[in-house]
Amino acid sequence: MTKNSTPNDLIKHLYEPEIGFQQTLNEDEKQELARLKQVQNLLNSAYTEPSERSLEKILEHARTSKKPLAH
């Protein structure tokens, strides 16, 4: 019997991993899960790191400001 996982199953597995889940996946589903994990990692890092644009604005403000930045 073949069980096909839905996209919702794959996303749920990212946040609520189940033991043995990956062993039930076919190759296409495993590749899709790997791509979803990459997206999840990118979103997590974007959430915790400021963007280049934000950093540039902060540095520009520091260059033009007469007040020293707080440490």
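**Figure 1. Glu32 and its partner Arg35 on helix α2.** In this predicted model, Glu32 is partly exposed, with a relative accessible area of 31%. Its partner Arg35 is likewise partly exposed, at 44%. The two side chains form a salt bridge whose closest N and O atoms are 2.8 Å apart. Both residues belong to helix α2 and sit three residues apart, about one turn of the helix. That spacing is worth keeping in mind here: an α-helix has 3.6 residues a turn, so residues three or four places apart point the same way.

**Figure 2. A salt bridge at the start of α2.** Here we look at Lys30 and Glu27, whose side chains meet in a salt bridge with an N to O distance of 4.0 Å. Both lie in helix α2, which covers residues 27-48, and three residues, about one helical turn, separate them. Glu27 counts as exposed at 53% relative accessibility, while Lys30 is partly exposed at 36%. Side chains of opposite charge can pair when their charged atoms come close.

**Figure 3. The salt bridge of helix α3.** Glu60 and Arg63 form a salt bridge, with 3.2 Å between the closest N and O atoms. Because they are three residues apart in helix α3 (residues 52-64), about one helical turn separates them. Arg63 is exposed, with a relative accessible area of 55%, and Glu60 is partly exposed at 42%. How many salt bridges does a search of the whole structure find? The search finds three.

**Figure 4. The N-terminal cap of α2.** Asn26 caps the N-terminal end of this helix. One of its side-chain oxygens lies 3.1 Å from the backbone nitrogen of Asp28. If you follow the helix from this end to the other, its end C-alpha atoms are 32 Å apart, which agrees with the 32 Å that its 22 residues should span at 1.5 Å a residue.

**Figure 5. The two faces of α2.** Which residues of α2 are buried? They are Glu29, Leu33 and Gln40. These three cover an arc of only 40° around the axis, which puts them on the same side of α2. The face turned away from that buried side carries the exposed residues Glu27, Asp28, Gln38, Leu42 and Ala46. Glu27 may be familiar from the salt bridge it makes with Lys30. On the buried side, the packing partner is α1 (7-15).

**Figure 6. Glu29, a buried acidic residue in α2.** Glu29 is found in helix α2. Its relative accessible area is 8%, and the residue counts as buried because that value is under 20%. The C-alpha atoms of Glu29 and Pro7 are separated by 8.8 Å, although the two residues are 22 apart along the chain.

**Figure 7. The two faces of α1.** Leu10, His13 and Leu14 are the buried residues of α1. Seen down the axis of α1, they fall within an arc of 105°, so they line one face of the helix. What covers these buried residues includes α2. Turned away from the buried side is a face that carries the exposed residues Asn8 and Tyr15.

**Figure 8. Leu33 and the largest nonpolar core.** The largest nonpolar core has five residues, namely Leu10, Leu14, Phe21, Leu25 and Leu33. Leu10 and Leu14 are also among the buried residues of α1, and Leu33 is one of those buried in α2. Which residues does Leu33 touch, not counting those up to four places away in sequence? Its contacts are Leu10, His13, Leu14, Gln22 and Leu25.

**Figure 9. Stepping back to the protein chain as a whole.** The secondary structure comes to three helices and zero strands. Read along the sequence, the helices follow the pattern α-α-α. Of the 71 residues in the protein chain, 13% are buried. Among contacts between residues at least 6 apart in sequence, 23% join residues at least 24 apart.

Conventions
Residues are numbered from 1 along each chain as its sequence is written. This is a predicted model: local features need pLDDT of at least 70, side-chain atom pairs count only at pLDDT 80 or more; totals for chains, interfaces and linings use all residues. Side-chain values use heavy atoms; hydrogens and water are left out. Helices (H or I, at least four residues) and strands (E, at least two) are DSSP runs, numbered from the N terminus. Buried means under 20% relative accessible area, exposed over 50%, partly exposed in between (1.4 Å probe, protein chains only). A nonpolar core is a set of buried Ala, Val, Leu, Ile, Met, Phe, Trp, Tyr and Cys residues joined through side-chain atoms within 4.5 Å. Contact means heavy atoms within 4.5 Å. The expected span of a helix is 1.5 Å times one less than its number of residues. The arc is that of the directions from the helix axis to the C-beta atoms. A polar contact is a pair of N or O atoms within 3.5 Å; within protein, one must be able to donate a hydrogen and the other to accept it, and residues adjacent in sequence count only if both atoms are side-chain atoms.
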